[in-house]
Amino acid sequence: MSKVLVIGAGGVGSVAVHKMAMNSDIFSHITLASRRIVSCEKVAESVLARTGVTIDVAQVDADDVAATIALIEKVQPKLVVNLALPYQDLNIMDACLATKTDYLDTANYEPRDTPKFEYGWQWAYQERFKEAGIMALLGSGFDPGVTSVFASYIKKHLLDTIDTLDILDCNGGDHGQHFATNFNPEINIREVTAPSRHWEGGEWVEGPALSHKQSFDFDQVGPKNMYLMYHEELESLAKFYPEIKRIRFWMTFGDAYLKHLEVLQNVGMTRIDPVIYEGKEIIPLQFLKAVLPEPSSLGSTTKGKTNIGDIATGTKDGVQKTVYVLNICDHEDAYAETGNQAVSYTTGVPAMIGAAMMLTGAWKGKGVFNIEQFDPDPFMDMLNKHGLPWQVKELDAPLAF
Ligand code: NDP
């Protein structure tokens, strides 16, 4: 019997719960909680219609630690899967500590008033989780998540030493809207507008946001412009794989997306400091989120594929090699299976798999862990079986840039 409590009924939460329901041998009882009960009920209806499984639903404001503790005490789960927003991470970790319950998430903590995402806040829980005899698995989405598991797989099977690692994240999907984000707009825009940062020669190299562009021909998508960005797995990969001399993260953006973003930034709509509007304080970025399409509403119109993977150079048996491990996911297939587009799908499936690793004991420990600290094999095996099959290619040469 493995009871799980999922908090956050957005696109990612919806996919994770559908996939958990499809694996009821591992997830024998699922409770989905969110700020609005209606979000949970919508997912529960779809899960019942698609899988025949009935899940429990609950309302919780995860910013309220006492309320979250009360919910965990009532549900008595073996694991809390946090698929709400990064702002809630520390509060949910506090509730897990108070109830001695294991914890998993897909995005690292970020304070509301500073666009500063780093693992330091959550790594600071290491001793307390250890003492409580519980485990936290951080970053079990696609990136962070699968991209770090790909790095572990490369290190275990494909290269003896990794010299450089490039993570390439391409969303070749078209949702038919002028401007929309594929996951929570507030989090997405904070991430995209942050200065670029990569790891090189033992230090961080910073540059202006979206200032470094390269073109890459993505399999089943075609050539796309991708931009150097900071992404949270760079921090944990640099920590757990100190041998890697350079780690970079690239994400594709279309020209129309960037043009809209530039205008929104120029007029101040991406600001996260409060402004007074008609006598009331509002945060422009939060207002913008309210007028943009909900990411979960994009599923029915999105066509195309995502292609996300790791390109690593290094040596195997003394020979220089470049390897590429990647997954391609089709938006329409993801929607047909779970009612959500591929960006939610590629995050929700690894959240389910990370939870399965913990509940089955394939991955265990006491303390706070990043995903690349565990054996990649059982996770990679489940990716193949649960909708995110991956491929390995050997490239003739390293990236030319
Ligand atoms: P959504 O905005 O679609 O969903 C977030 C959900 O969290 C909503 O259902 C919302 O509630 C709920 N929520 C927000 N605040 C609270 C709160 N205080 N208490 C309880 N519930 C709350 O986002 P996504 O599903 O797209 O993303 C979910 C998470 O996944 C985010 O942290 C995001 O950063 C992360 N992510 C990670 C990726 C990866 O590859 N690692 C990729 C994409 C996303 P309600 O609807 O009830 O109001």
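User: Which residue just after H2 takes a positive phi?
Analyst: This is a predicted model. In it, helix H2 covers residues 37-51. Just after H2, a phi of about 80 degrees, which is positive, is taken by Gly 52.

User: What span is expected for helix H2 at 1.5 Å a residue?
Analyst: Helix H2 has 15 residues. From its first C-alpha to its last it reaches 21 Å, and this is close to the expected 21 Å.

User: How many degrees around the axis of H2 do its buried residues cover?
Analyst: The buried residues of H2 are Ser 39, Cys 40, Val 43, Ala 44 and Val 47. They lie on the same side of H2, because the arc they cover around the axis is only 130 degrees.

User: Which exposed residues does the face of H2 turned away from its buried side carry?
Analyst: The buried residues of H2 have a cover that includes H1, strand S2 (29-34) and strand S3 (56-59). The face turned away from that buried side carries the exposed residues Val 38, Glu 45 and Ala 49.

User: Where does the ligand lie with respect to domain 1 and domain 2?
Analyst: The protein chain is divided into domain 1 (3-138) and domain 2 (146-338 + 390-395). Both domains give residues to the shell around the ligand, so the ligand lies between them.

User: Which element gives the most to the shell around the ligand?
Analyst: There are 34 residues around the ligand, and Gly 10, Ser 34, Ala 62, Gly 141 and Phe 183 come nearest. Two or more residues of this shell come from each of helix H1 (11-21) and helix H13 (342-360). By class, the shell has 15 nonpolar, 14 polar and 5 charged residues. With 3 residues, the element that gives the most is H1.

User: How many residues of the side of domain 1 that touches domain 2 are charged?
Analyst: The centres of domain 1 and domain 2, taken over C-alpha atoms, are separated by 24 Å. The contact takes 13 residues from domain 1 and 12 residues from domain 2. On the side of domain 1 that touches domain 2, 6 are nonpolar and 5 polar, and the number charged is 2.

User: Does Asp 255 count as buried or exposed?
Analyst: Asp 255 is found in helix H10 (residues 255-266). A residue is exposed if 12 or fewer other C-beta atoms lie within 10 Å of its own. Asp 255 has 8 C-beta neighbours inside 10 Å, so it counts as exposed.

Technical notes:
Residues are numbered from 1 along each chain as its sequence is written. This is a predicted model: local features need pLDDT of at least 70, side-chain atom pairs count only at pLDDT 80 or more; totals for chains, interfaces and linings use all residues. A residue is near a molecule or strand if its C-beta atom, placed from the backbone, lies within 6 Å of it. Helices (H or I, at least four residues) and strands (E, at least two) are DSSP runs, numbered from the N terminus. Ala, Val, Leu, Ile, Met, Phe, Trp, Tyr, Cys and Pro count as nonpolar, Asp, Glu, Lys and Arg as charged, and the others, Gly among them, as polar. Domain bounds come from an automatic or database domain assignment. The expected span of a helix is 1.5 Å times one less than its number of residues. A residue is buried if 20 or more other C-beta atoms lie within 10 Å of its own, exposed if 12 or fewer, and partly exposed in between; C-beta atoms are placed from the backbone. The arc is that of the directions from the helix axis to the C-beta atoms. Two residues are in contact if their C-beta atoms, placed from the backbone, lie within 7 Å.
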